[in-house]
Amino acid sequence: MSCPPLLAAADDVRADASRAPTDVAQALCSQAPRLRRLVHRLLGWRAAADELDDVVQDVLLKAWNGRASFRGEASLATWLTAIALSTTASHARARARWRRLFGWFDREPAQPLPSTDNDASQRAAAAMQRLRHDDREVLVLRYLEQRAIPEIAELLGCTRPAVDARLSRARQRLRDLLGGTEEP
Amino acid sequence: MTDPDDALLRSLAAADATHPPSPGAEFSPHGLRTTIARQRRRRVAAALALLGLATFAVLRPPNSSDAEAAADLASELSRQIESLQRVTSDWTARTHAAAAHEAAATRSARAAADLRIELAYARALPVLANPRLSPEQPR
């Protein structure tokens, strides 16, 4: 069953007692492709389809279970994006913890970044995958999702100067990675 | 002059364009509700199972076969302890006997030496007492 397009952004899931639960679920499901693309970017373009489905489903379930807490101060898209950011961060932490615990026996040596100039996108992708999740998060929000700094600050729950500082630090680390092959 | 970040951002955009997300599951309101119901059922089942386990652990009746097994184990352990004590006491007794034998041998050797000295002294005494038998006296 396909989902209808999102209606007016903020009015969809706002605590509207008259709205049927099916409409709320449809409004949430219509955001799934956008959330899937966001999660795919946040995980460094390397998550498998099943992993992406799991994270997106977690986001939708959290949104459904917490729909009463949606006050309508932000748009539905922004609210879901905030949930997706926290869920993806938790998922990335769990994955890193799992790799630390059980990945030592099949650890592969770090591959150098592609060196030729004609595969700049491959180099950028490899460097993004080596970044810490926090750094990748602000880069994705700013440069791939094209969000403004105040909006990023609202999504991440921090101040604008903090977002600026994180962005500058993430850019520098990405530049360092693209300049060499060191680990982040 | 080109901003050095421009190349960075262009390469990021190119990487994003070359790595589209693979097609995944279709999320529908019906599927969402099914997932929620399944999740709720799973949580309720887990809670009930936990509760049942806790109840069983607390209210578990004493088992007679377990008591017999425990008694057998206790008697076997006490037997092993007694045999160990016997071995230990035997070893201690042997050690003490060896030490006593050695001490007696030492004492008897010392007494024999003393006796030999006394005998030698007794043999030498008449010679020492009679100046005529003294070897220092010129004949």
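**Helix packing and chain contacts in a predicted two-chain model**

Helix α5(A) passes α8(A) in a right-handed crossing. This and everything that follows is read from a predicted model. Helix α5 covers residues 120-130 of chain A, and helix α8 covers residues 160-179 of chain A. Their axes lie 9 Å apart, and the two helices pack at an angle of about 125°. An angle of that kind is neither under 35 degrees nor over 145, and it is outside the range of 65 to 115, so α5(A) and α8(A) are oblique to each other. On the α5(A) side, the residues that take part are R123(A), A127(A) and R130(A). They meet L174(A), L177(A) and L178(A) of α8(A). Sorted by class, the residues of this contact are four nonpolar and two charged, with no polar ones.

It helps to step back and look at chain A as a whole. Chain A contains eight helices and zero strands, and along the sequence its pattern reads α-α-α-α-α-α-α-α. Of its 184 residues, 32% count as buried. Contacts in chain A also link distant parts of the sequence: among those with a separation of 6 or more, 68% join residues 24 or more positions apart.

The next stop is the largest nonpolar core, which has 43 residues. In soluble globular proteins, nonpolar side chains tend to be buried together. Within this core, the residues touching the most other members are L28(A), L35(A), V39(A), V56(A), V59(A) and L60(A). V56(A) is a good one to follow in the structure. Once its neighbours within four places in sequence are set aside, V56(A) is in contact with A32(A), L35(A), R36(A) and V39(A), and also with F27(B) of the other chain.

Two loops of chain A deserve a look for their backbone geometry. Most residues other than glycine have a negative phi. W45(A) is not a glycine, yet it has a positive phi of about 60°. This residue is found in the loop between α2 (32-42) and α3 (49-65) of chain A. Because W45(A) has 17 C-beta neighbours inside 10 Å, it counts as partly exposed. Q146(A) is likewise not a glycine and has a positive phi, here of about 55°. The loop that holds Q146(A) runs between α6 (133-144) and α7 (149-156) of chain A. With 8 other C-beta atoms within 10 Å, where 12 or fewer is the mark of an exposed residue, Q146(A) is therefore exposed.

Chain B completes the picture. There are three helices and zero strands in chain B, in the order α-α-α from the N terminus. Of the 139 residues in chain B, 5% are buried.

How many residues of each chain take part where chain B meets chain A? In chain B, 23 residues are in contact with 32 residues of chain A. On the side of chain B that touches chain A, α1 (4-18) and α2 (29-58) of chain B each supply at least two residues. The largest share of that side comes from α1(B), with nine residues. By class, the side of chain B that touches chain A is made up of eleven nonpolar, nine polar and three charged residues.

Notes
Residues are numbered from 1 along each chain as its sequence is written. Chains are lettered from A and ligands numbered from 1 in the order in which they are written. This is a predicted model: local features need pLDDT of at least 70, side-chain atom pairs count only at pLDDT 80 or more; totals for chains, interfaces and linings use all residues. A nonpolar core is a set of buried Ala, Val, Leu, Ile, Met, Phe, Trp, Tyr and Cys residues joined through C-beta atoms within 7 Å. A residue is buried if 20 or more other C-beta atoms lie within 10 Å of its own, exposed if 12 or fewer, and partly exposed in between; C-beta atoms are placed from the backbone. Two residues are in contact if their C-beta atoms, placed from the backbone, lie within 7 Å. Helices (H or I, at least four residues) and strands (E, at least two) are DSSP runs, numbered from the N terminus. Ala, Val, Leu, Ile, Met, Phe, Trp, Tyr, Cys and Pro count as nonpolar, Asp, Glu, Lys and Arg as charged, and the others, Gly among them, as polar. Axes are lines fitted to C-alpha atoms, for helices over the stretch in contact, and angles run from 0 to 180 degrees between N-to-C directions. A crossing is left-handed if the near helix is turned anticlockwise from the far one by less than a right angle, and right-handed if clockwise.
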